[in-house]
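Some descriptive words applied to a protein model rest on numerical cut-offs. The questions below ask how each word is earned.

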Amino acid sequence: MRYHVIISLGLVSLLSTVASSQVSGQEGSPAGTASATVTVDAKHPWVDSGLTVRKGERLSFQADGTIQWGAKPDQVAGPEGHGAKGDKVGAGGLIGRVGFSGKPFAIGRTRASMVMPKDGKLFLGINDFIFRDNAGSFTVTISRLRND
């Protein structure tokens, strides 16, 4: 019996460490907003933000960092992506989706606010299809905005 308790405590500790490595913080603020800071590793297709959103909820994103989205030296991008135009992110840019099979949407470097398309878990990713040759990461702060 004592052995099972030790294993259970070890698993809880391990899961806590893994969860905190992707989401570096969630906090509430007096103004009624909540925020999370997430590291989006360019080698992973989708990173769980740790947030569950609701359809119509407004979020803002602030992203920083540089990634390499391919093997060539010039395949480098910030959150807006390489070759970004208008509201579309370029190659290697920051994107998001709600749910495991949600339609991806552009995030880029910063947004004043963005309305969530449906209920579900919020995932962040890199606008790319081949991840094994990527390097670097983006640091993204996501803030929930009050719906006034």
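What follows is a set of questions and answers on the terms used for this chain.

Q: What kind of model is this, and how are its residues numbered?
A: This is a predicted model, in which local features need pLDDT of at least 70 and side-chain atom pairs count only at pLDDT 80 or more, while totals for chains, interfaces and linings use all residues. Residues are numbered from 1 along each chain as its sequence is written, and side-chain values use heavy atoms, with hydrogens and water left out.

Q: How many helices and strands does the chain have, and what makes a run count as one?
A: The chain has one helix and ten strands, and the helix comes at the start of the order, which reads α-β-β-β-β-β-β-β-β-β-β from the N terminus. Helices are DSSP runs of H or I with at least four residues, and strands are runs of E with at least two, numbered from the N terminus.

Q: What makes β6 and β7 a pair?
A: Two strands pair if DSSP finds at least two bridges between them; two bridges join β6 (residues 94-98) to β7, so the criterion is met, and the two strands run antiparallel. Gly96 stands opposite Phe105 in β7.

Q: Why are β3 and β7 said to stand at the edges of their sheet?
A: The open sheet has four strands in the order β3-β9-β6-β7, with antiparallel pairing. β3 (46-53) and β7 (105-106) each have a single partner strand, so one side of each is left without a neighbour in the sheet.

Q: Why is Asn134 called buried, or exposed, as the case may be?
A: Buried means under 20% relative accessible area, exposed over 50%, and partly exposed in between, with a 1.4 Å probe and protein chains only; Asn134 has 1% relative accessibility and therefore counts as buried. Asn134 is found in the loop between β9 (120-126) and β10 (135-145).

Q: How do you know that the side chain of Asn134 makes a polar contact with that of Asp128?
A: A polar contact is a pair of N or O atoms within 3.5 Å, where within protein one must be able to donate a hydrogen and the other to accept it, and residues adjacent in sequence count only if both atoms are side-chain atoms. The contact between the side chains of Asn134 and Asp128 is at 3.1 Å, and the Asn134 side chain also reaches the backbone oxygen of Ala42 at 2.8 Å.

Q: Why is Lys88 classed as it is, buried or exposed?
A: Lys88, in the loop between β5 (76-77) and β6, has a relative accessible area of 63% and is therefore exposed.
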